[in-house]
Amino acid sequence: SHTASLATSNATWEALIRQTGAIPANNGDEVIDVIQALVHSAQPKGRRLALMAMTGGQSVAISDAFGRVGLEVPELSESSYEQLGQFFNIIGGSYPNPFDMANTIGRAGDADNLRKMMDILAEDPNIDGMVYEFTANFFARFWKEEPGLFDEMMNTLDEFRERTGLPLVTVMHPGHKDEDVIPLRDDVIGRGFAVYQSFDRAAIALSREVGYREWQKTTST
């Protein structure tokens with residue numbers, strides 16, 4: 001900007017980034033978001049994701065966000081669908097991928113359902129990673145009153161991550177219950193998970209990491 005030569009063709013920068021394997025970022029937030037993905041999630045082996053949302057509207061929004069950046073939301077295997085159909089509550093919910101799962105895991109006594117879901121997805125050959133939404137605005141007070149339920153959920157996510165070696169990133173939207181949400185977010189961060197404030201930020205960060213890992217593979221062969 002001091003030399004009146006700041007404006008350069010985007011194609012030039014994009015070519016430079018591709019050739020060097022640098023990870024692009026449009027602003028400071030994206031830099032931090034990508035670093036979270038690199039440090040706090042396992043290396044992605046592909047673009048196929050299981051998207052875990054708590055409501056129907058959010059399951060649409062999460063699919064749109066990750067689809068826009070070139071990541072995939074595949075159908076699960078037939079075996080997975082057969083097993084999920086044995087316990088998943090489809091009254092106000094669904095599990096084709098993305099998942100609308102609040103009515104299946106959101107109540108006391110439902111912790112085992114989440115564990116079953118994670119076990120099924122851990123064995124599904126169509127999945128390369130997972131994105132998990134905490135609808136903290138709905139459940140923060142519930143988790144505050146029953147902290148053991150939140151701990152059970154986190155332990156289950158921990159077990160999935162350790163068992164599969166797949167990337168698992170989380171989304172926790174800010175909102176009107178921040179005084180309850182912030183301690184929960186700190187807990188998730190303290191357990192070493194990448195936590196994003198929106199689907200779009202999580203999608204961009206994960207897509208940047210996937211692109212970087214793909215570049216690494218092409219240059220090492």
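This is a short tour of two helix pairs, one enclosed cavity and one open pocket in a predicted model.

Begin by selecting helix α8, residues 147–164, and then add helix α6, residues 111–122. The axes of these two helices lie 10 Å apart, and α6 and α8 pack at an angle of about 15°. Since angles under 35 degrees count as roughly parallel, that angle makes α6 roughly parallel to α8. If you turn the view to look across the pair, the crossing in which α6 passes α8 is right-handed. To see the contact itself, show the side chains of A111, L114, R115, M118, D119, L121 and A122 on α6, together with E152, M153, T156, L157, E159, F160, R163 and T164 on α8. Sorted by class, the residues in this contact of α6 with α8 comprise 8 nonpolar, 2 polar and 5 charged.

Keep α8 on screen and add helix α9, which spans residues 178–190. Here the axes of α8 and α9 come within 11 Å and cross at roughly 30°, and α8 and α9 are therefore roughly parallel to each other. The crossing of α8 past α9 is right-handed. Select F150, D151 and M154 in α8, and you will find that they meet L184, D187 and V188 in α9. The residues of this contact of α8 with α9 are 4 nonpolar and 2 charged, with no polar ones.

Next, turn to the enclosed space, for the structure holds 1 cavity of 30 Å³ or more. About 130 Å³ of space lies in the largest cavity, and 14 residues line it, of which I105, A111, W143, L149 and M153 are the closest to its centre. Helices α6, α7 (residues 136–145) and α8 are the elements that give two or more residues to this lining, and α8 gives the most, with 4 residues. Two of the names should be familiar, as A111 and M153 also belong to the contact of α6 with α8. By class, the cavity lining has 9 nonpolar, 2 polar and 3 charged residues.

Finally, which residues are the closest to the centre of the largest pocket? Select I17, R18, A22, I23 and P24, which hold that position among the 18 residues that line the largest pocket. The volume of this pocket is about 540 Å³. To place the pocket in the fold, colour α1 (residues 10–20) and α10 (residues 199–220), the elements that give two or more residues to its lining. That lining divides into 9 nonpolar, 5 polar and 4 charged residues.

Conventions
Residues numbered from 1 in each chain as written. Predicted model: local features only at pLDDT ≥ 70, side-chain atom pairs only at ≥ 80, totals over all residues. Heavy atoms only, no water. 1 Å grid on protein atoms, 1.4 Å probe; cavity = no way out; pocket = protein on both sides within 12 Å on 5 of 7 lines; lining within 4 Å. Points joined across faces, edges and corners; volume = space filled by probe spheres on them. Nonpolar A, V, L, I, M, F, W, Y, C, P; charged D, E, K, R; others polar. Axes fitted to C-alpha atoms, helices over the stretch in contact; angles between N-to-C directions. Parallel < 35°, antiparallel > 145°, perpendicular 65-115°, else oblique. Left-handed = near helix turned anticlockwise from the far one by under 90°. Contact = heavy atoms within 4.5 Å.
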